[in-house]
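The following exercises are to be worked through with the sequence and the model in view. Each task is followed by a solution in steps.

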Amino acid sequence: MKKIVVSGLLAVALVACNQQKEESKTSEASQEAVAPAKELAVNNPVIKDKFTADPAAYVFNDTVYLYAGHDQAPNDFNFYKMDEWLVYSSTNMVDWTEHPVPLKPTDFAWAKGDAWAAQVIERNGKFYWYVTVEHDDTHPGKAIGVAVADSPVGPFKDALGKAIVTNDMTTQTGISWDDIDPSVIIDDDGQAYLFWGNTVCKYAKLKENMIELDGPIHTIDVPQFTEAPWIHKKGDWYYLSYASEFPEKIKYAMSKSVTGPWEYKGILNELAGNSNTNHQAIIEYKGKDYFIYHTGAINPNGGCFRRSVCIDKLEYNEDGTMKRVIMTSEGIQK
Ligand code: CA
């Protein structure tokens, strides 16, 4: 008599403010199935033992380096507590190795705290890390600092001895947090640009030394810009993605030039589970494209201030536009 085959069951449901997982169940019988359903590992979030937020990623020497803020808010604490950044590396986008804490806001003598969003880039063998921190009372408000290291995992140190952007350098809004979320790119001609902003998106050239602005600060008018700009290039197109509205969706615009004009293309990623913020990094690695973001979806205490970095695939259409990201629990598979 033919055996009844019980195939594995994987049920994963994402709900607005919670993530419920049912671990897959396997049986010996499933080994004999003619066409067993493929069991996928639950790989999101990619870091499970710490809360991680505001991801940035950088590919160097065939390795991906993932940089994130450490969400350290206790379970009953409903605001950001972020006293350090974290760095991980991977060569398959699934297995991540944590390295020693590479940088803290207190490594900047002029900063009070708040390890908010940041991004790393390499130039001439040195790694520059642009970070958001709270400035001391000499320039009240959020500010952008730049740290430097000889290795992508640090240790990093303050490269300038002062902020590269302070709140008083931009006055388009009256808020104290409109100079946050730096993103950086080196264009094909070698000119580097720093993008950043909350409420108003801004950019400026960077000098060859990567630690000073070179010329005026410009603004970019894209629809419903909230924060978290990420600048990247793929083929002939430049992409400016950003968090929009609140709670945040990721939207994007495209241009043939890093300085615009920018053509709005719509939503790239919907609301992330159980988190009113969303924050993206976009990379290509070993011929595939990835969308790296955070959600509040770790049980039982995840949330807006206890976020977790996730990774899903990113796909481009033939005309260069990006397909909307499908957030999954399975994430990237080996
Ligand atoms: Ca300002």
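**Exercise 1.** Determine whether Asp-179 is buried or exposed, and describe the calcium site.

*Solution.* Step 1: Asp-179 has a relative accessible area of 0% and is therefore buried; buried means under 20% relative accessible area, exposed over 50%, and partly exposed in between (1.4 Å probe, protein chains only). Step 2: Asp-178 is likewise buried, with a relative accessible area of 0%. Step 3: Both residues are among the protein donors of the calcium ion, which also include Asn-167 (O and OD1) and Thr-170 (O and OG1), and the donors lie 2.4 to 2.8 Å from the ion. Donors are N, O and S atoms within 2.8 Å of the metal (3.2 Å for Na, K and Ca); water is not among the atoms, so sites may look incomplete. Step 4: Along the sequence, the donor residues follow the spacing N-x2-T-x7-D-D.

The model is predicted: local features need pLDDT of at least 70, side-chain atom pairs count only at pLDDT 80 or more, and totals for chains, interfaces and linings use all residues. Residues are numbered from 1 along each chain as its sequence is written, and side-chain values use heavy atoms, leaving out hydrogens and water.

**Exercise 2.** Locate Ile-292 and state which residues it contacts.

*Solution.* Step 1: Ile-292 belongs to strand β21 (residues 288-295); strands (E, at least two residues) are DSSP runs, numbered from the N terminus. Step 2: With a relative accessible area of 0%, Ile-292 is buried. Step 3: Beyond four places in sequence, its contacts (heavy atoms within 4.5 Å) include Pro-55, Ala-57, Leu-66, Met-93 and Val-309. Step 4: Ile-292 and Ala-56 stand 236 residues apart in sequence, yet their C-alpha atoms are 7.7 Å apart.

**Exercise 3.** How many aromatic pairs are there, and how are Phe-60 and Phe-127 arranged?

*Solution.* Step 1: Rings of Phe, Tyr and Trp (its six-membered ring) pair if their centres lie within 6.5 Å; planes under 30 degrees apart count as stacked, over 60 as edge-to-face and the rest as tilted. Step 2: This rule gives 15 aromatic pairs. Step 3: Phe-60 and Phe-127 form an edge-to-face pair, at 4.9 Å centre to centre and 85° between the planes. Step 4: This pair joins distant parts of the chain, with Phe-60 in strand β3 (residues 52-60) and Phe-127 in strand β9 (residues 126-135), 67 residues apart. Step 5: Phe-60 is partly exposed at 23% relative accessibility, whereas Phe-127 is buried at 2%.

Technical notes
Helix = DSSP H or I, 4+ residues; strand = E, 2+ residues; numbered from the N terminus.
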